[in-house]
Amino acid sequence: MRARGQGLLTLAVIGAVALGAVSFDRLGERTANAPAPGTAASMSWLCPHGGGKGYEGTVFLANPAGVDVTARVTEVSAQGQPDVSEVQVSGGSQVAVDVDASARSSSTFVETFGGWLAAGWLIRGAEGEPGVGAEPCAPGAGRTWVSAAPTTGQGNDSYLIVMNPFAADAVFDVALFTAERAPVRDSELTDVTLRPRRSTAIRLNTYAQGEEGLGVTVDVSSGRVAASTLVASDALGIGSVLASGEPSGRQLVLTTTGTGRSVLSVAVPTPTAAGGSGPTPAGGLGTTFAATLRSGDPPQPAGGLAERSQEPESAAAYPITTTGPSGIDVVVLEGAPIVAALRTPGVGRDGGATAGSFAPAASWVVTPGVAGTPARPGGLVLNPGGSSATVEVSTIPGSDGTAEATTVTVPPGAVVALPREFLDEVGAASLLVTATGSPVVALGASTSLGNEGLSLFGLVAGVPIPEPATP
């Protein structure tokens with residue numbers, strides 16, 4: 001394993017606070033705070049990226065602040081023999097760390113010391129499973145994880161990746177939800193024990209084959225873990241999506257692939273009441289939600305989902321047609337919270353998948369989604385608020401890059417693509433996105449390796465930068 005490139009960004013930017021200060025519950029408008037120095041003494045990122053035979057993996061560490069940070073990178077596998085290295089990430093720079101992705105269960109644990117970093121993964125498939133899977137890492141372990149991203153429909157092979165980088169056993173149950181059948185709680189998925197400093201991959205097709213929309217929950221009774229899903233698809237390449245720590249009343253997902261048909265999957269993990277006979281949204285069991293398509297045009301219902309009811313303990317897939325840079329704003333109108341994910345076609349043999357974000361924020365870091373040259377980085381900014389947002393975007397480059405910057409205005413309720421003349425200079429750099437006037441959501445949507453006939457496509461949700469704690 002080797003670390004690549006560190007470069008200095010000339011502008012000192014927003015720092016961070018301890019991990020527990022991250023907040024996603026403010027959906028209204030607000031003005032960005034002034035930059036603050038990094039104060040987090042240490043934190044951790046869990047990256048259950050998965051992989052496969054011949055896959056290549058990279059974890060990007062992006063430092064948007066002006067202080068140098070040390071990162072300890074531990075590769076976690078099913079065998080429990082961690083490979084550990086240490087890297088320095090200078091202020092305003094990015095380091096790309098090559099990590100093992102040769103098995104479905106491959107995972108990486110990152111500990112940082114001296115300041116805040118953003119961490120994201122990228123895996124590149126091998127012959128027979130081409131594609132790119134890219135996501136932000138989880139900013140901490142948890143005892144509940146939910147995903148709506150997997151699909152076991154024809155031509156799709158889906159896996160649940162669970163990692164336990166800690167010194168104690170983790171014990172968890174897995175449940176699967178579909179549109180029609182009863183929840184799947186197999187004995188093999190009950191009281192699963194994951195030994196210390198290990199990861200595991202569970203093939204979901206074994207338990208729920210032929211499901212276009214599949215929800216999965218991980219409930220931990222002992223210890224803490226992080227989880228994601230990995231889909232190897234004949235039609236859409238690789239989809240790698242971090243699971244959500246808990247359901248939410250809102251989810252915001254973005255994509256850009258010209259005109260295409262995407263699939264929005266929604267999971268309602270809330271169980272029915274004991275002895276109940278069915279869902280009652282007003283009682284908080286089932287849910288009623290709306291999905292709004294946001295773009296450069298006036299908002300409209302996405303896929304006709306102006307008001308859709310869904311059973312408790314269920315997952316369903318809804319076709320959505322998008323044109324160019326688009327966002328889908330999914331909001332619970334009544335009842336239980338949800339988890340959503342978007343699967344979207346790409347421009348070649350590879351599609352993209354993302355769970356997006358739960359709320360807008362003032363500042364983001366977007367890690368790279370390109371897997372080689374030629375690279376065509378992309379970036380989107382959604383403003384779901386009621387007033388205009390002025391968004392400054394700058395690169396966090398490695399040692400072989402220089403800092404670039406641009407400013408865009410995002411009207412209320414709209415999605416804007418970053419200017420091509422700026423993106424052509426980005427390469428494999430991370431992006432620092434800072435908004436004033438209204439909080440936004442940021443996402444990378446990039447293609448690469450076009451001259452090899454692959455045209456790999458990756459969606460990368462942004463990492464919100466924690467705001468300073470209130471005294």
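These are my notes from looking through this structure, which is a predicted model.

**Entry 1: the whole chain**

I started with the overall make-up. The protein has one helix and 36 strands. Of its 471 residues, 59% are buried. I then looked up the contacts between residues at least 6 apart in sequence, and 81% of them join residues at least 24 apart. The accessible surface comes to about 17200 Å². Carbon and sulfur atoms account for 49% of that surface.

**Entry 2: β3, β8 and β9**

Next I went to strand β8, residues 118-124. Six of its seven residues are buried, so β8 is largely enclosed by the rest of the structure. I looked up its partners too. Strand β3 (residues 56-63) pairs with β8 in the antiparallel sense, over seven bridges. Within that pairing, E56 has R124 of β8 as its bridge partner. Strand β9 (residues 132-136) also runs antiparallel to β8, joined to it by five bridges. There I noted G120, whose bridge partner in β9 is P136.

**Entry 3: D100**

I picked out D100 in the loop between β6 (93-99) and β7 (107-113). Is D100 buried or partly exposed? Its relative accessible area is 33%, so I put it down as partly exposed. Leaving aside neighbours within four places in sequence, D100 is in contact with H49, E75 and S106. I also checked D83, which is 17 residues away from D100 along the chain. The C-alpha atoms of D83 and D100 are separated by 9.4 Å.

**Entry 4: a four-stranded sheet**

I traced an open sheet of four strands in the order β10-β15-β12-β13, and the pairing is antiparallel. Why does one side of β10 and of β13 lack a neighbour in the sheet? β10 (144-147) and β13 (192-194) stand at the edges and each has a single partner strand, so one side of each is left without a neighbour. On average, neighbouring strands of this sheet are turned by 25° against each other, direction ignored. In the middle of that order I looked at β12 (residues 170-177) and β15 (residues 215-222), which are joined by seven bridges. L176 has V216 in β15 as its bridge partner.

**Entry 5: the β16-β17 hairpin**

I followed β16 (residues 226-233) into β17 and found a hairpin, with three residues joining the two strands. They pair in the antiparallel sense over six bridges. One pair I wrote down is L230 with S240 of β17. How many of the six residues of β17 (residues 237-242) are buried? My count is six of six, so to speak a mostly covered strand.

**Entry 6: a five-stranded sheet**

Further along the chain I traced an open sheet of five strands, ordered β31-β30-β33-β27-β36 and paired antiparallel. The edge places belong to β31 (405-410) and β36 (463-464), each with a single partner strand, so one side of each has no neighbour in the sheet. Inside the order, four bridges join β27 (residues 363-366) to β33 (residues 430-436). V365 has L432 in β33 as its bridge partner.

**Entry 7: cavities**

I wanted to know where empty space is left, and rolling a probe the size of a water molecule over the atoms shows that. The structure holds four cavities of 30 Å³ or more. The largest has about 90 Å³ of space. It is lined by 15 residues, and T367, P368, G369, A429 and S446 lie nearest its centre. Which strand gives the most to this lining? I found that β34 (residues 441-448) does, with three residues.

**Entry 8: backbone oddments**

I closed with a few backbone values. The peptide bond from T373 to P374 is cis, with omega near 0°. P374 is in the loop between β27 and β28 (375-376).

Two residues other than glycine went on my list for positive phi. For R197, phi is near 55°. R197 is in the loop between β13 and β14 (198-203), and at 40% relative accessibility it counts as partly exposed. For E313, phi is near 50°. E313 is in the loop between β22 (308-310) and β23 (314-323). With a relative accessible area of 12%, E313 is buried, the cut-off being under 20%.

Technical notes: Residues numbered from 1 in each chain as written. Predicted model: local features only at pLDDT ≥ 70, side-chain atom pairs only at ≥ 80, totals over all residues. Heavy atoms only, no water. Pairing = 2+ DSSP bridges. Buried < 20%, exposed > 50% of the residue type's maximum accessible area, 1.4 Å probe, protein only. Contact = heavy atoms within 4.5 Å. Areas by Shrake-Rupley, 256 points an atom, 1.4 Å probe, with all protein chains shown as cover. Axes fitted to C-alpha atoms, helices over the stretch in contact; angles between N-to-C directions. 1 Å grid on protein atoms, 1.4 Å probe; cavity = no way out; pocket = protein on both sides within 12 Å on 5 of 7 lines; lining within 4 Å. Points joined across faces, edges and corners; volume = space filled by probe spheres on them.
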